[in-house]
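Open the model in your viewer and keep the selection panel at hand. This tour tells you what to pick next and what you will find there.

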Amino acid sequence: MSDNYSADVVVVGTGVVGCTVAEHALDAGLSVLMLEAGPRVERWQIVENFRNLPPSLKANWDAAYPPKPWAPHLETYTDASAAEYLQLEGPDALAYRQGYVRYAGGATWHWAGICWRLTPEDMKLKSLYGVGRDWAFDYNTLEPYYTRAEYALGVSGPSDPALQWPPMRSKPYPMGQLPFGPGEQRFTDVAAKIGLHNLPAAQARNSGVSYNGRPACCGNNNCFPVCPIGAKYDAATTLPRIEAKGGVILANAVVYRVETGSKNAVQAVHFFDQDKVSHRVTGKVFVIACNGIETPKILLMSKNEKNSNGVANSSDQVGRNMMDQPKISAQITMAEPLWTGVGPVQSSSIMNTSQGDFRNVHTGALFRMENAARSRVGGLAALKKGLVGKALDAEIRRLSACTATLTIEHELIPLPYNRLTLSAKKDWLGLNKPNIYYDVSDYVRRSTATYTLPILKQLMAGLGTTDSQINNFYTHSDHIMGGCIMGTDPSTSVVDADCRAHDHDNLFLPGGGAMTTGGSGNSTLTMVALAMKASDAIVSQLKAG
Amino acid sequence: MTHPLRDDCPLEYNLFRRQLLGGGIAFIGLAAVPYGVAAFADTVPNMPLPKFMEVSSLLINHQLNGDVGGRLATAMGVAYPDIEQNIDAILVIARKNNAKIVEDFYPDIPPGKLQDAALAIISAWYSGVISEELGSEVYAYELALMYQPASDVMTIPSYAISGPNGWNASAAPLADMPKF
């Protein structure tokens with residue numbers, strides 16, 4: 001390999017955020033080089049990996065994505081394997097076992113495709129409720145970028161404002177809503193009886209038509225760990241288009257250092273290839289888009305004489321305010337069939353439970369019925385009972401149709417003690433593993449005790465639950481946010497309103513890490529909206545010379 | 001590898017099942033070895049497929065796929081060295097009861113090794129595996145029988161049963177078991 005790597009825009013990470021910036025820059029006539037730590041594979045390989053997993057392992061989102069030694073990610077098979085890469089501590093350490101693959105295309109390979117927007121109130125927690133922080137701008141500023149993000153990803157959603165969340169839009173969704181299967185319809189009907197509104201989700205799945213060269217969703221019910229036909233947006237579908245526009249993508253290139261120069265501008269990034277050989281890449285603007293864990297890790301690893309806390313970290317906020325949506329799940333059995341497994345694995349949520357004046361005391365949350373097919377779960381459970389013949393088939397059918405998982409995802413406010421630091425433990429390349437302290441806080445625990453669990457139990461009763469098991473611990477939602485938090489004050493935040501590092505004029509850190517608050521909904525659409533906003537700033541900056 | 005910057009080489013991925021389908025029965029014996037039975041790989045018992053299919057069709061009230069049966073027969077012969085003699089004993093019980101379906105003779109299979117063998121055969125057909133451990137072989141996915149009792153409504157993940165927006169909120173009654 002030659003070391004003459006250089007481009008106008010150097011993008012580290014090939015997930016949805018990196019691809020958004022890269023494509024925007026290419027469209028503006030700029031040269032782009034993308035660096036991806038992990039391998040680049042074809043969709044069929046992931047699908048075959050999934051289909052060839054033993055049934056009980058099919059629930060492990062990561063099992064179809066074996067990591068390369070130089071790009072480790074969480075492996076969930078056992079507690080021991082899960083403890084290998086992410087080093088976790090604190091009272092809710094296990095709730096930060098965040099799932100993301102280090103593959104070209106990033107975590108959108110295995111995301112659910114849900115595209116909720118933040119509400120205006122979600123962005124003003126401090127001024128409205130006295131908790132958390134306010135964003136550097138308001139919803140109206142972000143709204144055009146949300147719309148652009150929805151058209152870039154191909155988001156389907158309802159045309160009726162009464163079914164939209166939030167119902168404040170400048171344009172309709174590019175596609176209409178996907179139909180409900182029987183489970184989501186029944187959950188919707190039950191929720192309505194107790195005054196809750198289960199909304200059709202805005203989702204990056206093609207509804208009834210092809211979009212951006214991807215086919216219509218056919219209800220393969222395998223959105224995670226992988227959509228077998230590419231009907232759900234994932235960034236892997238963008239990579240060939242980026243190359244067609246002249247972008248260069250280097251896989252198996254693990255960026256480990258950001259190099260700064262005169263005026264503290266970034267002048268290069270350094271990466272190891274799979275043979276542990278180091279390379280240097282120069283550029284005019286640098287974008288670190290490696291999600292909320294890997295981005296702060298790279299910045300902290302890059303400390304130098306002038307940036308003694310790490311690059312972009314004069315505020316000491318890099319790696320702080322780590323957020324997610326702490327999840328509580330309930331496994332329920334009902335007297336009557338619900339029938340999940342028809343359509344996408346997620347297609348609706350109760351959202352209005354995330355809003356209210358109670359947020360000055362405790363957090364809000366969304367509620368959802370998981371729509372993944374349960375015949376595998378029912379089949380394995382029935383086999384364990386030693387049944388045969390008609391009794392076995394009847395029990396499989398009952399357990400498939402009459403069981404469900406209900407989920408609560410709580411909003412978590414930015415808290416500086418929820419912090420990513422560099423572990424002394426090293427990976428295959430000798431790079432520090434990330435270490436994260438995580439405490440969901442009393443703000444969330446109060447909500448669970450006094451607000452969300454009572455609602456969950458109402459939903460369970462409405463569904464005719466005869467047996468249930470509610471987790472008494474929080475788990476992760478894989479919505480990594482906050483580690484490069486945005487703000488107007490360089491002393492208390494890492495990036496400005498365009499995701500530009502306060503400390504480095506030509507370094508951009510868009511994505512979940514920049515999010516000031518996370519709301520209760522899935523974070524990806526906001527990440528892409530921020531990437532759109534950052535893209536505009538990057539193009540303007542480079543065009544201005 | 002087809003491109004210096006990409007990882008398209010399928011040899012790096014676990015494609016046991018598809019390789020088996022393309023590779024024929026002769027390859028199965030070695031490829032099918034699950035964890036814990038590798039020591040038997042050099043002395044694969046040659047369980048007669050017709051006998052395995054006969055006992056399987058008596059133990060399971062479904063149409064059975066011969067290709068899946070071939071893979072399972074070889075794999076179970078490796079994993080359970082005494083499976084053939086247990087099958088012989090189970091068939092004796094079935095014939096004695098003039099059995100057509102499992103309900104005709106299963107109550108007469110004594111608990112212990114014979115019942116364990118019967119349940120292992122049933123479990124293999126229903127789950128598509130004989131081991132759930134990481135890295136163990138999958139002999140059937142979409143043809144694993146545990147997906148069939150709900151297949152009139154519920155998708156086998158990654159295999160669509162409708163088309164674009166072709167599903168709706170209606171579902172068959174629980175009592176309407178599909179015909180197998």
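The stops below run from cavities to loops, then to strands, and end with chain B.

**Before you start**

This is a predicted model. Treat each value below as computed from that prediction.

**Stop 1: the largest cavity**

How many cavities of 30 Å³ or more does the structure hold? There are 3. Begin with the largest cavity, which has a volume of about 70 Å³. Select Cys217(A), Asn220(A), Asn221(A), Cys223(A) and Cys227(A). Of the 13 lining residues, these lie nearest the centre of the cavity. Now colour the lining by class. You should get 6 nonpolar, 5 polar and 2 charged residues.

**Stop 2: Asn221(A) and its loop**

Stay with Asn221(A), one of the residues just selected at the largest cavity. It sits in the loop between strand 4 and helix 7 of chain A. Check its backbone: phi is near 55°, a positive value in a residue other than glycine. Most residues other than glycine have a negative phi, and most peptide bonds are trans. Is Asn221(A) buried or exposed? Asn221(A) is buried, and its relative accessible area is 4%.

Next, select Phe224(A) and Pro225(A). The peptide bond between them is cis, with omega about 15°. Pro225(A) is found in the loop between strand 4 (198–200) and helix 7 (239–244) of chain A.

**Stop 3: the second largest cavity**

Move to the second largest cavity, with about 40 Å³ of space. Its lining includes Arg117(A), Leu118(A), Asp122(A) and Trp165(A). Add Met351(A), Ser354(A) and Gln355(A), which also line this cavity. Then add the run from Gly518(A) through Gly519(A) and Ser520(A) to Gly521(A), again part of the lining. By class, the lining divides into 3 nonpolar, 6 polar and 2 charged residues.

Keep Trp165(A) selected and add Pro166(A). Here is another cis peptide bond, with omega about -20°. Pro166(A) belongs to the loop between helix 5 (139–153) and helix 6 (182–193) of chain A.

**Stop 4: Ala312(A)**

Jump to the loop between helix 8 (291–301) and strand 9 (327–334) of chain A, where you will find Ala312(A). This alanine has a positive phi of about 70° although it is not a glycine. Ala312(A) is buried, with a relative accessible area of 2%.

**Stop 5: strand 11**

Select residues 365–369 of chain A, which form strand 11. How many of its 5 residues are buried? The count is 5 of 5, so strand 11 of chain A is largely enclosed by the rest of the structure. Buried here means under 20% relative accessible area.

Look at the side chains on each face. In a regular strand the side chains alternate between the two faces of the sheet. One side of strand 11 carries Ala365(A), Phe367(A) and Met369(A), and the other carries Leu366(A) and Arg368(A). Both faces are covered.

Now show strand 12 (residues 403–410) of chain A. Strands 11 and 12 pair in the antiparallel sense over 5 bridges. To find the register, select Arg368(A): Thr407(A) in strand 12 stands opposite.

**Stop 6: strand 14 and its two partners**

Go to strand 14 (residues 432–437) of chain A. It is mostly covered, with 5 of its 6 residues buried. Which residues stand opposite Ile436(A) in strand 14? Leu88(A) is one, and Leu420(A) is another.

Show strand 3 (residues 87–89) of chain A. It pairs with strand 14 in the parallel sense over 3 bridges. Then show strand 13 (residues 420–426) of chain A. Its pairing with strand 14 is antiparallel, over 4 bridges.

Strands 13 and 14 form a hairpin with 5 residues between the strands. Select Gly430(A) in this hairpin to see a positive phi near 85°.

**Stop 7: chain B**

Hide chain A and show chain B as a cartoon. Chain B has 6 helices and 0 strands. From the N terminus on, its elements run α-α-α-α-α-α.

Chain B has 180 residues, and 48% of them count as buried. Switch on its surface. The accessible surface comes to about 8,400 Å², with 57% belonging to carbon and sulfur atoms. Finish with its contacts between residues at least 6 apart in sequence: 63% of these join residues at least 24 apart.

Terms used
Residues are numbered from 1 along each chain as its sequence is written. Chains are lettered from A and ligands numbered from 1 in the order in which they are written. This is a predicted model: local features need pLDDT of at least 70, side-chain atom pairs count only at pLDDT 80 or more; totals for chains, interfaces and linings use all residues. Side-chain values use heavy atoms; hydrogens and water are left out. On a 1 Å grid over the protein atoms alone, a cavity is a set of points where a 1.4 Å probe fits but cannot get out, and a pocket is an open set with protein on both sides within 12 Å along at least five of seven lines; lining residues have an atom within 4 Å of a point. Grid points are joined across faces, edges and corners, and a volume is the space filled by probe spheres set on the points. Ala, Val, Leu, Ile, Met, Phe, Trp, Tyr, Cys and Pro count as nonpolar, Asp, Glu, Lys and Arg as charged, and the others, Gly among them, as polar. Buried means under 20% relative accessible area, exposed over 50%, partly exposed in between (1.4 Å probe, protein chains only). Helices (H or I, at least four residues) and strands (E, at least two) are DSSP runs, numbered from the N terminus. Two strands pair if DSSP finds at least two bridges between them. Contact means heavy atoms within 4.5 Å. Accessible areas come from the Shrake-Rupley method with a 1.4 Å probe; for residues, only the protein chains shown count as cover.
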